[in-house]
Amino acid sequence: MPKNLAVVILNWNGKNWLEKFLPSVISFSKDADIYVIDNLSTDDSVEFIQTHFPAVNIVKNNQNYGFAGGYNEGLKEIKNEYYCLLNSDVEVTENWINPALYILQKNPSISAVQPKILSFNNKKQFEFAGAAGGLIDNLGYPYCRGRVFDDLEEDNGQYDDETEIFWASGCCFFVRSKDFWEQNGFDERFFAHQEEIDLCWRLINSGKKIFYTGKSKVYHVGGGTLNKQSAQKTYLNIRNNLSMMLKNLPFPKLIGLIFFRLCLDGIAGIYFGLKNGFPHLWAVVRAHFGFYAQLPETWKLRQKHQKNNFYQSKWLIFRHFLGGSK
């Protein structure tokens, strides 16, 4: 008989992370089933789990589907009422599950919940991938309470609340399985990066809510599978962000905003090229062509209804880089 929550870790050649962080997951997740979905690893991850953590359930994918496709494929085998999708480079803490699960159980209109995400390497500081809950500005740029672009806050209890947010981080993503599958899961074309924001946006457009709880906390290493300075990450973030906006924005806002973002991306490409080298400039160019290639299919995936007030801040990129706003 499955428990109502499955804690699900997607793995690809992550034996070192599993060895380091699975013990905390097992210790503090007694009321959950624990799964590792393996994306056809070429190291000995699966054998390591079977030998050292025999209570952990293993789902073997027949290829590396990436983050989005890997979860979609593996979760087909997992029948629990709620999922917690957890990165392999996350240390969980005592009572990390109950506050998030309680929010989902008490309010059927809430589809997903994120805990407080702090840095494993500096435990007083918020972590880049999620911090204290994801938001988005009127140009479609994601940011977080506790993190604006690369600026991170220290945790001084300022986000110990429970509140509605726009997106929950895929680093530690509690979601109602019924709602996940009603949206057909993650968009597998994204491969990785911003697929959770796209899913949350689709859930919001369908009338659901996304929440954050500061009563639960986890510690995230970050960059465990794709380095923060990776040109491939630049490519995926820009391509996926454009596709996400095309899918989810209300039509009156769509055309002008997409065009404006394409222009801003050109400026960003020059900035990235000067700061991080030519591969990052080329990644922006590739991202635009990748977006154009996907455009017909992306258009077909537009939902019937889009929320008009989708953003929580205006002109964040200008206020941050030109005005110094943190």
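Below, a biologist and a modeller talk through helix packing, the nonpolar cores and a few single residues in a predicted model.

Biologist: I'm new to this one, so how do α1 and α2 pack?

Modeller: In this predicted model, helix α1, residues 15–27, packs against helix α2, residues 45–52, at an angle of about 25 degrees, and their axes are 9 Å apart. That angle makes α1 roughly parallel to α2, and the crossing of the two is right-handed.

Biologist: Which residues in α1 and α2 meet there?

Modeller: On the α1 side they are K15, L18, E19 and L22, and these meet S45, F48 and I49 of α2. Sorted by character, the residues of this contact are four nonpolar, one polar and two charged.

Biologist: And α8 with α9, parallel or antiparallel?

Modeller: The axes of α8, residues 251–276, and α9, residues 278–300, cross at roughly 160 degrees and come within 6 Å. Because angles over 145 degrees count as roughly antiparallel, α8 is roughly antiparallel to α9.

Biologist: What makes the contact between them?

Modeller: From α8 the contact includes F251, L254, I258 and L262, and from α9 it includes F278, H280, L281 and V284, with W299 also among the α9 residues. The residues of the contact of α8 with α9 divide into twelve nonpolar, five polar and one charged.

Biologist: At what angle do α7 and α9 pack?

Modeller: Helices α7 and α9 pack at about 30 degrees, with 8 Å between their axes, and they are therefore roughly parallel to each other. The crossing of α7 and α9 is right-handed, and the residues of their contact comprise twelve nonpolar, eight polar and three charged.

Biologist: Switching topic, which residues touch the most other members in the largest nonpolar core?

Modeller: That core has 70 residues, and V8, Y71, L75 and I78 are the ones that touch the most other members. Helix α7, which covers residues 231–248, gives the most to this core, namely eight residues.

Biologist: What does L75 touch?

Modeller: Once residues up to four places away in sequence are set aside, L75 touches V8, I37, Y83, L85, F180 and W181. There is also a second, separate core of 32 residues, and I9, L22, I117 and C172 are included in it. One of these, L22, also takes part in the meeting of α1 with α2.

Biologist: What about L104, buried or exposed?

Modeller: L104 counts as buried because its relative accessibility is 1%, and its place is in helix α4, residues 98–106. Apart from neighbours within four places in sequence, L104 is in contact with Y82, I110, S111, A112, V113, F174, V175 and R176.

Biologist: How many residues lie between L104 and K326 along the chain, and what separates them in space?

Modeller: L104 and K326 are 222 residues apart along the chain, and their C-alpha atoms are separated by 31 Å.

Biologist: Any backbone angles I should look at?

Modeller: Most residues other than glycine have a negative phi. Against that background, N184 has a positive phi of about 60 degrees although it is not a glycine, and H193, also a residue other than glycine, has a positive phi near 85 degrees.

Biologist: Where are N184 and H193 found?

Modeller: N184 is found in the loop between α5, residues 177–182, and α6, residues 195–205, and H193 is found in the loop between α5 and α6 as well. With a relative accessible area of 61%, N184 is exposed.

How values were computed. Residues numbered from 1 in each chain as written. Predicted model: local features only at pLDDT ≥ 70, side-chain atom pairs only at ≥ 80, totals over all residues. Heavy atoms only, no water. Axes fitted to C-alpha atoms, helices over the stretch in contact; angles between N-to-C directions. Helix = DSSP H or I, 4+ residues; strand = E, 2+ residues; numbered from the N terminus. Parallel < 35°, antiparallel > 145°, perpendicular 65-115°, else oblique. Left-handed = near helix turned anticlockwise from the far one by under 90°. Contact = heavy atoms within 4.5 Å. Nonpolar A, V, L, I, M, F, W, Y, C, P; charged D, E, K, R; others polar. Buried < 20%, exposed > 50% of the residue type's maximum accessible area, 1.4 Å probe, protein only. Core = buried A, V, L, I, M, F, W, Y, C linked by side-chain atoms within 4.5 Å.
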